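Trainee: I am new to this structure and would like a close look at a single part. Please pick one helix, go through it slowly, and then show me how its surroundings fit in.

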Amino acid sequence: MLSVTAMFFVGGIFAFLMRLELLTPEGDLFTSDTYNKLFTLHGIVMIFFFLIPSIPATLGNFILPIMLGAKDLAFPKINLLSWYLYMIGATFGIYVIVTGGVDTGWTFYTPFSTQYSNTHVFATTLGAFIVGFSSILTGLNFIVTTHRMRAPGLTWFRLPLFVWAIYATSMVMLLATPVLAITLVLLMIERVLHVGIFDPSLGGDPLLYQHLFWFYSHPAVYIMILPGMAVVSEVVAAFTRKKIFGYKFVAFSSLAIAFLGFLVWAHHMFVAGISVYAAMVFSFLTMLVAVPSAIKVFNWTATMYKASVSWQTPMLYVLGFIGLFTIGGVTGLFLGALGIDVHVTDSYFVVAHFHYIMVGGAVMAYLAGIHYWWPKITGRMYPEWWGRLAALLVFVGFNLTFFPQFIVGYVGMPRRYHAYAPEFQVLNVLSTAGATILAVGYVLPMIYLIWSLGWGRKAGPNPWGAVGLEWATSSPPPKDNFLETPVVKWEAYDYPAFLKAMGETQHV
Amino acid sequence: MSDVALHTEEHHPFLQHHFEDLGQQHEASTLGMWMFLATEILFFGGIFCAYTIYRIMYYEAFRAGAHHQNWKIGTANTAVLIGSSLTMALAVWAAQMSRRNLTVVMLILTLILGGVFIGVKAYEYSQHIHEGLFPGRLFTYVDEEHPELTKGVEMFMTFYFGMTGLHALHMVIGAGLLIWMIFRARRGDFGPEYYSPVEIMGLYWHFVDIVWIFLFPLLYLLH
């Protein structure tokens, strides 16, 4: 968890430097080359080294076996190996940052990346390749654990929705990541040997690279967002003290998202020269992904309907998630529609859209999860007042940063330039101001969470009064998670029965 | 589930503490290997997909490229590899039957056959490099009858080296695992209750063979 968070701050610094540059229309802080490196490193660090491993590798590794009533993941040594692989990959990343960076964009598009760029493309792709294996092994471990290590009585439909979503994520990790791996291998072969696998001037096909790349990288979006949804389902149930509305729908929508995620990759390539008919099919398939996503949002809202919601920090983050994810999702539909996409391709509209999903969605959920399970992991409570303040700052700062980008993108500001036309300045200043607030909102939890390790109030086994196996063991859990293997005799999120048994109707 | 039962049950030396019993451990490791092989299929799938695209794009050149492969050597090597799969399967059976010496012999045979395959492959590589067929700067070959095909032949050779190279890398890793298995089998680790390592080693080895079964016609038999 520490390694992933450190990477988040590295990536964050790059983002902040970029916003600083974009404060004024002229390129006065960095040259365009430096700016190219900044957005490339921001993308690579945030995606490969933060978002993809964030929730699965930190919360998943800890919570998943407990939720299943297992002593550990099926392959603890492979788990350790995937941590080492992550660290080796990250070392390559750091090496690239220190020795001068890379400027291809996080997508490594050919032929620029293979023939023309004279930055550290090889080391970066090798780093991404190694980290890819780390996530494959994590996914493998989760799937086997879910299949084979469930506690007696814990049937599939009694599993917490966290497990369903992480299971779907693992499937995507397992089946998509190897395609990226082979793509990067081909890229490295081309770069080292100077042959033309993807270079048109040497007889290759650059579109093939894009197809192969997005065949991984679109599903990778779901690797990032599905674990977020996993956290949201848990937190919504815990703080509304109700059963999740439409349990089976939410469970299967995770699998549906994972499946459909494999069929939409070419919507990143509408203007790259694919045929009109292919584009139409992919546009339609893209619309389909909205269905399971909307099912989740509606079911969460339905769960909150007429519930006594308690407004603790994790719940605040989750409400932020639902709102921002909805905006991000709906603008995703705009982009999935062919006509609009052609208009806004490579503009700030796209940038705002995926930040609403990635930051507004995945990072918010990550923070919600960290706060929700913090007492379980450390045995200490974080300071609630500070938690709420940080959640508020993140929400306000985030919207101030990225909402103006929708507008500025729609009226035509292209992404990936360090200078822009003067009429866009007002909105860019707003955006940079928002980034400052956002930065404060991210640093605060860092400080008070570390503080709480030493001075936080001691948390009992179940500080939220939530159901679920993880709350039935001590905080932090013993070495084998449970003193004896639990037997599950109840349905998931059975709050009515739980509250009756506890003899309480209101929670603190 | 009572305490008495837990205490009286004899603890198998290879049962890891987080599993309930050996059956669960065996199922978990087998499923894990199948999942891993699924990722391998996707991994090779990517390069097969790229191969297919260029096969269609450079149809004639790929045929010309395949003429540089010696199908007789290729066929012999395929036979060697299938033989090694047979000995591997026999090793799994022998481990299950607690026939320690037979297990060791079969594993060593598998290792030898795998080594022969790699050796032959290395000989073929040296021939190609000698003819100037290694893609990139070392590529000096020009197709005399149809000079316009030269670029496509280089593409074919790129895929040839890429695909067989990845396959050979898997073989080398497999050989390393085999050596470890031979050591464990000699020590007498395996029996009817515990033979998962040999079995998943077998799954891996068969998978690498199957990849070759696909590679062989795609690269050698385009006539």
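Mentor: Start with a cut-off. A residue is buried if 20 or more other C-beta atoms lie within 10 Å of its own. Now apply it. S217(A) has 20 C-beta neighbours inside 10 Å, so S217(A) counts as buried. This residue sits in helix α7 of chain A. Keep in mind throughout that this is a predicted model.

Take one distance from that serine. Between the C-alpha atoms of S217(A) and L392(A) there are 31 Å in space, and their positions lie 175 residues apart in sequence as the separation.

Helix α7 of chain A also has a place at the boundary with the other chain. The contact draws 29 residues from chain A and 26 residues from chain B. On the side of chain A, the elements giving two or more residues are α5 (121-148), α6 (161-193) and α7 (206-240). Which of them gives the most? That is α6(A), with 10 residues. By class, this side of chain A holds 21 nonpolar, four polar and four charged residues.

Stay with α6(A) for a moment. It packs against helix α8 (residues 247-260) of chain A at an angle of about 10 degrees, and the two axes are 9 Å apart. That angle makes α6(A) roughly parallel to α8(A). Look at who meets whom. From α6(A) come L161(A), W164(A), A165(A), A168(A), M171(A) and V172(A). From α8(A) come V250(A), A251(A), S254(A), L255(A), I257(A) and A258(A). The classes here are 11 nonpolar, one polar and no charged.

Next, the core. The largest nonpolar core has 213 residues. Within this core, L226(A), V235(A) and A368(A) touch the most other members. The element that gives the most to this core is α6(A), with 23 residues. Follow V235(A) outward. Not counting residues up to four places away in sequence, V235(A) touches P314(A), M315(A), V318(A), A368(A) and Y372(A).

That brings us to helix α12 (residues 348-378) of chain A, the part to study closely. Begin with L367(A), which is in this helix. L367(A) is buried, because 25 other C-beta atoms lie within 10 Å. Leaving aside neighbours within four places in sequence, L367(A) is in contact with Y317(A) and P445(A). The second partner is 78 residues away along the chain, yet the C-alpha atoms of L367(A) and P445(A) are separated by 8.7 Å.

Now find the helix that packs on α12(A). Helix α13 (residues 384-410) of chain A does so at an angle of about 170 degrees, with the axes 8 Å apart. The two helices are therefore roughly antiparallel to each other. On the α12(A) side, the meeting residues are Y348(A), F349(A), V350(A), V351(A), A352(A), H355(A), Y356(A), V359(A), G360(A) and H371(A). On the α13(A) side, they are G387(A), F398(A), F402(A), Q405(A), F406(A), V408(A), G409(A) and Y410(A). This contact counts 12 nonpolar, six polar and no charged residues.

Then turn to the loops. K306(A) lies in the loop between α9 (276-304) and α10 (313-336) of chain A. It is exposed, because 9 other C-beta atoms lie within 10 Å. K306(A) is not a glycine, although its phi is positive, at about 60 degrees. In chain B, S98(B) also has a positive phi, near 60 degrees, and is a residue other than glycine. S98(B) is placed in the loop between α4 (71-96) and α5 (100-130) of chain B. With 14 other C-beta atoms within 10 Å, S98(B) is partly exposed.

One more loop belongs to chain A. T107(A) lies between α3 (76-98) and α4 (112-116). It has 17 other C-beta atoms within 10 Å, so T107(A) is partly exposed. T107(A) and G43(A) are 64 residues apart in sequence, and 8.7 Å apart in space from C-alpha to C-alpha.

Finish with confidence. The model scores ipTM 0.83 and pTM 0.86. Chain B has a mean pLDDT of 87, and 95% of its residues reach 70 or more. Residues 1-9 of chain B have a pLDDT below 50, and this stretch has zero contacts in the model beyond near neighbours in sequence.

Note on methods
Residues are numbered from 1 along each chain as its sequence is written. Chains are lettered from A and ligands numbered from 1 in the order in which they are written. This is a predicted model: local features need pLDDT of at least 70, side-chain atom pairs count only at pLDDT 80 or more; totals for chains, interfaces and linings use all residues. Axes are lines fitted to C-alpha atoms, for helices over the stretch in contact, and angles run from 0 to 180 degrees between N-to-C directions. Helices (H or I, at least four residues) and strands (E, at least two) are DSSP runs, numbered from the N terminus. Angles under 35 degrees count as roughly parallel, over 145 as roughly antiparallel, 65 to 115 as roughly perpendicular and the rest as oblique. Two residues are in contact if their C-beta atoms, placed from the backbone, lie within 7 Å. Ala, Val, Leu, Ile, Met, Phe, Trp, Tyr, Cys and Pro count as nonpolar, Asp, Glu, Lys and Arg as charged, and the others, Gly among them, as polar. A nonpolar core is a set of buried Ala, Val, Leu, Ile, Met, Phe, Trp, Tyr and Cys residues joined through C-beta atoms within 7 Å. A residue is buried if 20 or more other C-beta atoms lie within 10 Å of its own, exposed if 12 or fewer, and partly exposed in between; C-beta atoms are placed from the backbone. pLDDT is the predictor's confidence in each residue, from 0 to 100.
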